[in-house]
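Visitor: I am new to this structure and should like to learn how to read it. May we take its features one at a time?

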Amino acid sequence: MAPLPAPEPARQLETTASLDVRKLRFEVNRMQLPMGVEGTFGMVKHPGASLAVPVLADGRVVALRQYRFAVATRLLEFPAGTLDPGETPLSTMQRELQEEAGYSATRWDELGALLPCPGYSDEVIHLFLARDLTELSERPPGDDDEDLEVVLMTPAALDQLIASGDEYLDAKSVTAWFRAKQVLGI
């Protein structure tokens, strides 16, 4: 992958309010943008996350149908999770694949990074392709608030589901699938 463009940071003049909730922080900051304009902006500060597209030896993908409270529905998505302090993006994803999907992988390909909500968040999601999967005999405990179902599907079925619009999908999973298909040659 080509290197990403260098950041052009704005100058933070002051923080006028903040709220810490679980792993997130919401700040209201007075900022001076690189073009010189000053303004007040709300921003979600996020520690970063990882996502994997897990692919079984027979070519089926491992997805999740997970309840998301903010949109009050279940979404089809790939295993993902927030980086804990001291974790690398890969170690986060290795942990999350086991906790959420019940698999481990020995082959990992980087698929780059994405910015899911750059209008109001600094979150960076690191994308991976996970292969050479082994199903665990027992899934390690995950987060108490996770309500998810593991779904195995063929690439063609996933493509059809994405194209149909018949189910809610999240953008990070669609983007990761697009990149994984390039590596997989499908």
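**Strands, helices and their contacts**

Guide: Let us begin with one pair of residues: Val21 stands opposite Leu24 in β2. The model is a predicted one, in which local features need pLDDT of at least 70 and side-chain atom pairs count only at pLDDT 80 or more, while totals for chains, interfaces and linings use all residues. Residues are numbered from 1 along each chain as its sequence is written, and side-chain values use heavy atoms, with hydrogens and water left out.

Visitor: How many helices and strands are there in the chain?

Guide: Helices (H or I, at least four residues) and strands (E, at least two) are DSSP runs, numbered from the N terminus. Here the chain has 3 helices and 10 strands, and along the sequence they follow the pattern β-β-β-β-β-β-β-α-β-β-β-α-α. Along the principal axes, the C-alpha atoms fill a box of roughly 55 × 35 × 35 Å.

Visitor: What is the order of the strands in the open sheet that contains β1?

Guide: Two strands pair if DSSP finds at least two bridges between them. This open sheet of 3 strands is ordered β1-β2-β3, and its pairing is antiparallel. Its edge strands, β1 (11-21) and β3 (38-45), each pair on one side only. From one strand to the next, the twist averages 20 degrees. Antiparallel pairing joins β1 to strand β2 (residues 24-32) over 9 bridges, and β2 to β3 over 8 bridges. Phe26 has Val44 in β3 as its bridge partner.

Visitor: Which residues in the turns have a positive phi?

Guide: The hairpin of β1 and β2 has 2 residues between the strands, and there Arg22 takes a positive phi near 50 degrees. The hairpin of β2 and β3 has 5 residues between them, and in that turn Gly36 has a positive phi of about 100 degrees.

Visitor: Which strands stand at the edges of the sheet that contains β5?

Guide: In a regular strand the side chains alternate between the two faces of the sheet. The open sheet in question has 3 strands in the order β6-β5-β10, with antiparallel pairing. β6 and β10 (148-153) stand at its edges with a single partner strand each, so one side of each has no neighbour in the sheet. Strand β5 (residues 61-68) pairs with β10 over 6 bridges in the antiparallel sense, and Ala63 has Val151 in β10 as its bridge partner. Helix α1 (residues 89-101) packs on this sheet and touches β5 and β10 (contact means heavy atoms within 4.5 Å); its direction makes about 75 degrees with that of β5.

Visitor: How do the axes of α2 and α3 cross?

Guide: Two packed helices are described by the angle between their axes and the distance between the axes. Axes are lines fitted to C-alpha atoms, for helices over the stretch in contact, and angles run from 0 to 180 degrees between N-to-C directions. The axes of helix α2 (residues 155-164) and helix α3 (residues 171-184) come within 12 Å and cross at roughly 140 degrees. The two helices, α2 and α3, are therefore oblique to each other; angles under 35 degrees count as roughly parallel, over 145 as roughly antiparallel, 65 to 115 as roughly perpendicular and the rest as oblique.

Visitor: Which residues in α2 and α3 meet?

Guide: Pro155, Leu158, Asp159 and Ile162 in α2 meet Val174, Trp177 and Lys181 in α3.
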